[in-house]
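Hi everyone, thanks for making time this morning. I'd like to walk you through one corner of a structure, so let me put it up on the screen.

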Amino acid sequence: MKIFNRKQALHTYLDELRSQGKTIGFVPTMGALHAGHLSLIEQAQQKADIIVCSIFVNPTQFNDKKDLENYPRPVEDDIKKLESIKCDLLFIPEVEEMYNSSDKWSMELDNLDNILEGKIRPGHYQGVTQIVKKLFDIIKPDFAFFGQKDYQQFMVISYMVKKLRIKVILVLCPIVREKDGLAMSSRNIYLSPQDRQNSLALFHALSKFRDLYKSKSISQLKTEITSFLKSAPGIEMEYFEIFNAKSFESATSKRPGSIIALVAAKVGSIRIIDNMIIEK
Ligand code: AMP
């Protein structure tokens, strides 16, 4: 696997591959790679000739300084994992390579950045769009792969791509879970054994939502699952919402298409998010 720290070198290298007719698949990450990340790379390998993974803990998307400082950075392990699945290129820049003091970014995001995660983490999606735009400009991928785990992020990036007319096909990849159902996340390593057990309430809530879906109305589902989450031990629910998966607005009935239930909670000091889509 070729490793690049410099954007210009990567840009030049990819230009050469493009001129040979190769397609580029891109998987942006913040590292501390787990099977969820690796599944994105595997799906990219099905679609594109050359796969670029980036590892960059993007400071502008963190609104909590401690979270940024504590974010795991096991770079050597990550490189081994990427090599083991034959990723072609890794882009792993320093912060100074991606930002300079004159950087400014503000993008209208059709209110997507003011709800759910955006409401709890002000500025988060401005930071996400800022870095993804920079990475797209450097890599110019034909395809970019994102996890359903961060569904709102996928909606935000889809909006940006449409609005700025960026020529890339976005691919949404399914959530990879631990055996017991917990959605894989780089932050899960910080859960104490008790919190790890308690965190299962999120998956159990979503499973309950799926099981009850046919027999209950949206408002009944909202009430029942919310009360389940509120009474679950050791977790502090932040939100449980039922949205139309396409419009990403609160669902009032089951009719309009696929439905997504989204949940966020604090388990100890760790925030956990998860979701489940009920296809039409
Ligand atoms: P992150 O490193 O957390 O920024 O995630 C990088 C990419 O991996 C994002 O597109 C995430 O949605 C995706 N991802 C994270 N966790 C999972 C998971 N458990 N299953 C599938 N994709 C995931």
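Before we look at any helices, one definition: a crossing is called right-handed if the near helix is turned clockwise from the far one by less than a right angle, and left-handed if the turn is anticlockwise. Please also keep in mind that this is a predicted model.

With that in hand, have a look at helix 10 and helix 11. Their crossing is right-handed. The two axes come within 10 Å, and they cross at roughly 155 degrees. Angles over 145 degrees count as roughly antiparallel, and helix 10 and helix 11 are therefore roughly antiparallel to each other.

Which residues make the contact? From helix 10 we have Ala201, Leu202, His204, Ala205, Lys208, Phe209 and Leu212, and they meet Leu221, Glu224, Ile225, Phe228 and Leu229 of helix 11. Sorted by character, the residues of this contact come out as nine nonpolar, one polar and two charged.

Now for the sheet. Three strands make an open sheet, ordered 7-8-9, with antiparallel pairing. Strand 7, residues 235-244, and strand 9, residues 270-278, are the edge strands; each has a single partner strand, so one side of each has no neighbour in the sheet. From one strand to the next, the twist averages 15 degrees.

Let's go to strand 8, residues 259-267, which is joined to strand 7 by nine bridges. Two bridge pairs to find on your screens: Phe240 has Val263 as its partner, and Glu241 has Leu262. On the strand 9 side, strand 8 pairs over nine bridges, again in the antiparallel sense. Here Val263 turns up once more, standing opposite Asp274 in strand 9.

How are strand 8 and strand 9 connected? They form a hairpin with two residues between them, and Gly268 in the turn has a positive phi of about 60 degrees.

Is strand 8 mostly covered or uncovered? Mostly covered: eight of its nine residues are buried.

Finally, let's bring the helices and the sheet together. Strand 7 and strand 8 are both touched by helix 11, residues 218-231, which packs on the sheet with its direction at about 165 degrees to that of strand 7. Helix 10, residues 200-212, packs on the sheet too, touching strand 7, strand 8 and strand 9, and its direction makes about 15 degrees with that of strand 9.

That's my tour, and I'm happy to go back to any part of it.

Definitions and conventions. Residues are numbered from 1 along each chain as its sequence is written. This is a predicted model: local features need pLDDT of at least 70, side-chain atom pairs count only at pLDDT 80 or more; totals for chains, interfaces and linings use all residues. Side-chain values use heavy atoms; hydrogens and water are left out. Two strands pair if DSSP finds at least two bridges between them. Helices (H or I, at least four residues) and strands (E, at least two) are DSSP runs, numbered from the N terminus. Axes are lines fitted to C-alpha atoms, for helices over the stretch in contact, and angles run from 0 to 180 degrees between N-to-C directions. Contact means heavy atoms within 4.5 Å. Buried means under 20% relative accessible area, exposed over 50%, partly exposed in between (1.4 Å probe, protein chains only). Angles under 35 degrees count as roughly parallel, over 145 as roughly antiparallel, 65 to 115 as roughly perpendicular and the rest as oblique. Ala, Val, Leu, Ile, Met, Phe, Trp, Tyr, Cys and Pro count as nonpolar, Asp, Glu, Lys and Arg as charged, and the others, Gly among them, as polar.
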